[in-house]
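Got the viewer open and a selection box ready? Let's walk through this one stop at a time, picking something out and seeing what is there.

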Amino acid sequence: MKKLLTAMVLFALPFLASAQIENPVKWKFSSKKIDATTYELHMTAIIDAGWHLYAQEAGEGPVPTTFKIAKNPLVTPVGKIQEVGKLHKNFDKNFNSELKYYENTVDFVQKVTVKGKAANKVKGTVEFMVCDDHQCLPPKETEFVITVGGK
């Protein structure tokens with residue numbers, strides 16, 4: 001019995017070792033100077049083909065894309081984070097709700113004002129969930145740091 005169990009474990013090891021953790025979303029974080037004290041933070045998701053990333057107001061069911069920006073006395077957010085991309089809306093029978101999501105790419109843009117001329121770091125996290133036609137991956141959180149100001 002032990003030999004059979006050992007043989008089964010050894011047979012399964014190559015399959016387990018080759019299993020990859022799926023990561024269908026790659027994030028890019030940058031800033032763009034608008035004027036002397038105003039910047040745009042760009043948090044861009046590049047989504048693998050066949051997958052979709054939920055909007056900030058996704059609908060009932062999936063975890064929406066949510067940004068948390070750490071407080072910084074020298075950097076003040078202006079307004080809400082805007083979504084720049086092709087928004088899809090579809091009724092999803094699994095969640096029994098109309099859902100909003102993006103495919104391929106979406107740019108989340110947050111305007112900020114900066115006090116002083118020194119470079120500052122904007123730190124935060126983005127929590128998101130992705131699905132394809134067959135499965136949803138568990139929500140994932142990614143940290144980011146974006147530099148604004150300075151030369």
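## Stop one: an asparagine on the outside

Select Asn96, which is exposed, with a relative accessible area of 61%. (Exposed means over 50% relative accessible area, buried under 20%, and partly exposed in between, using a 1.4 Å probe and protein chains only.) Before going on, two notes on what you are looking at. This is a predicted model, in which local features need pLDDT of at least 70 and side-chain atom pairs count only at pLDDT 80 or more, while totals for chains, interfaces and linings use all residues. Residues are numbered from 1 along each chain as its sequence is written, and side-chain values use heavy atoms, leaving out hydrogens and water.

Back to Asn96: you'll find it in the loop between β6 and β7. (Strands are DSSP runs of E with at least two residues, and helices are runs of H or I with at least four; both are numbered from the N terminus.) Check its backbone, too: Asn96 is not a glycine, yet its phi is positive, at about 55 degrees. Most residues other than glycine have a negative phi.

Now hop to Asn104, in the loop between β7 and β8 (105-114). Here is another non-glycine with a positive phi, this time about 70 degrees.

## Stop two: the three-stranded sheet

Next, select β4, β9 and β11. Those 3 strands make an open sheet, in the order β4-β9-β11, with antiparallel pairing. (Two strands count as paired if DSSP finds at least two bridges between them.) β4 (66-69) and β11 (140-148) are the edge strands with a single partner each, so one side of each has no neighbour in the sheet. On average, neighbouring strands here are turned by 25 degrees against each other, direction ignored. (The axes are lines fitted to C-alpha atoms, for helices over the stretch in contact, and angles run from 0 to 180 degrees between N-to-C directions.)

Zoom in on the pairings. β4 meets β9 (residues 120-128) over 4 antiparallel bridges. Try showing Ile69, which sits opposite Gly124 in β9, and Lys68, which faces Thr125 in β9. On the other flank, 9 bridges join β9 to β11, and there you can pick out Val122 opposite Ile146 in β11.

## Stop three: the four-stranded sheet

Now colour β1, β2, β8 and β5. These 4 strands form an open antiparallel sheet in the order β1-β2-β8-β5. Which strands stand at the edges? They are β1 (25-33) and β5, each with a single partner strand, so one side of each is left without a neighbour in the sheet. The average turn between neighbouring strands in this sheet is 20 degrees, direction ignored.

β5 and β8 pair over 7 bridges in the antiparallel sense. For a landmark, show Val75, which stands opposite Val114 in β8.

## Stop four: the disulfide and a leucine

Select Cys131 and Cys136 and show their side chains. They form a disulfide, with sulfur atoms 1.9 Å apart. (A disulfide is a pair of cysteine sulfur atoms within 2.5 Å, and by this rule the count comes to 1.) The torsion about their S-S bond is about 105 degrees, so the disulfide is right-handed. Buried or exposed: what about Cys131? Cys131 is buried, with a relative accessible area of 1%, while Cys136 is partly exposed at 37%.

Then add Leu137, in the loop between β10 (130-131) and β11. Leu137 is buried, with a relative accessible area of 15%. Show Pro24 as well: the two are 113 residues apart along the chain, and their C-alpha atoms are separated by 9.5 Å.

## Stop five: two pockets

Turn on the surface. The largest pocket has a volume of about 260 Å³. (A pocket is an open set of points on a 1 Å grid over the protein atoms alone, where a 1.4 Å probe fits, with protein on both sides within 12 Å along at least five of seven lines; lining residues have an atom within 4 Å of a point.) Its lining has 15 residues, with His52, Asp92, Asn94, Asp132 and Asp133 nearest the centre. β6 gives the largest share, 3 residues.

Finally, find the second largest pocket, at about 180 Å³. (Grid points are joined across faces, edges and corners, and a volume is the space filled by probe spheres set on the points.) Residues lining this pocket include Ala55, Gln56, Leu87 and Lys100. Strand β5 (residues 75-84) gives the most to that lining, with 4 residues.
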